[in-house]
Amino acid sequence: MKASKIVYKPVGLALGAASGMIAGAVFKQAWKLIAHDSDAPDATDEGRNWGEVILAATLQGAIFAAVKAIVDRSGAATTRSLTGNWPG
């Protein structure tokens, strides 16, 4: 394993945690705009219909994937600019 991969591991873990928090905040705001409701439904919310639950899950997954990709790519690009090596 390359040294840059080993050094990047803790950075990648920290970025992953940060991206989860950012994505959660973005999803909450997006759900408020779309559904005019402060709480997104869970799959087991009895008072919510299928469409609402599936829409919330789909939106949440898309936002989490996009934010993770943005944060991971930015972290790798920054690592490359600082060290000259791509961490992946």
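Residues count as buried when their relative accessible area is under 20%. By this criterion, Ser4, Tyr8, Ser19, Ala23, Phe27, Ala30 and Trp31 of helix H1 are buried in the predicted model. The cover over the buried residues of H1 includes helix H2.

Helix H1 spans residues 3-35, and helix H2 spans residues 50-83. H1 has 33 residues. From its first C-alpha to its last, H1 reaches 47 Å. This is close to the 48 Å expected at 1.5 Å a residue. H1 nevertheless bends by about 40° at lysine 9. A proline, proline 10, follows within four residues. After H1 comes histidine 36, whose phi is positive, near 55°.

The largest nonpolar core is made up of 9 residues. They are Ala23, Phe27, Ala30, Trp31, Ala56, Leu59, Ile63, Val67 and Val71. H1 and H2 are the elements that give two or more residues to this core. H2 provides the largest share, 5 residues. Among the buried residues of H1, Ala23, Phe27, Ala30 and Trp31 also belong to this core.

Phenylalanine 27 has a relative accessible area of 7% and is therefore buried. Leaving aside residues up to four places away in sequence, phenylalanine 27 touches Ala40, Ala56, Leu59, Gln60 and Ile63. Of these contacts, Ala56, Leu59 and Ile63 are themselves members of the core.

The structure holds 1 aromatic pair. Phenylalanine 27 and tryptophan 31 form this pair, which is tilted. The ring centres lie 6.3 Å apart, with 35° between the planes. Both residues sit in helix H1, 4 residues apart, so about one helical turn separates them. An α-helix has 3.6 residues a turn, so residues three or four places apart point the same way. Tryptophan 31, like its partner, is buried. Its relative accessible area is 2%.

The structure also holds 3 salt bridges. In one of them, aspartate 37 pairs with arginine 48, the closest N and O atoms being 2.9 Å apart. Both residues lie in the loop between H1 and H2, so the pair ties together parts that are 11 residues apart in sequence. Aspartate 37 is partly exposed, at 25% relative accessibility. Arginine 48 is also partly exposed, with a relative accessible area of 22%.

Arginine 48 forms a salt bridge with glutamate 52 as well. Here the closest N and O atoms are 3.1 Å apart. Glutamate 52 has 23% relative accessibility and so counts as partly exposed. Asp37, Arg48 and Glu52 are thus linked in a network of salt bridges.

Another salt bridge joins the side chains of aspartate 72 and lysine 68, at 2.6 Å from N to O. Both residues lie in helix H2. They are 4 residues apart, about one turn of the helix. Aspartate 72 is partly exposed, at 26% relative accessibility. Lysine 68 is partly exposed too, with a relative accessible area of 44%.

Notes. Residues numbered from 1 in each chain as written. Predicted model: local features only at pLDDT ≥ 70, side-chain atom pairs only at ≥ 80, totals over all residues. Heavy atoms only, no water. Salt bridge = Lys/Arg side-chain N within 4 Å of Asp/Glu carboxyl O. Buried < 20%, exposed > 50% of the residue type's maximum accessible area, 1.4 Å probe, protein only. Phe/Tyr/Trp six-rings, centres within 6.5 Å; stacked < 30°, edge-to-face > 60°. Core = buried A, V, L, I, M, F, W, Y, C linked by side-chain atoms within 4.5 Å. Contact = heavy atoms within 4.5 Å. Expected span 1.5 Å × (residues − 1). Bend = angle between axes of the 7 residues up to and from the residue.
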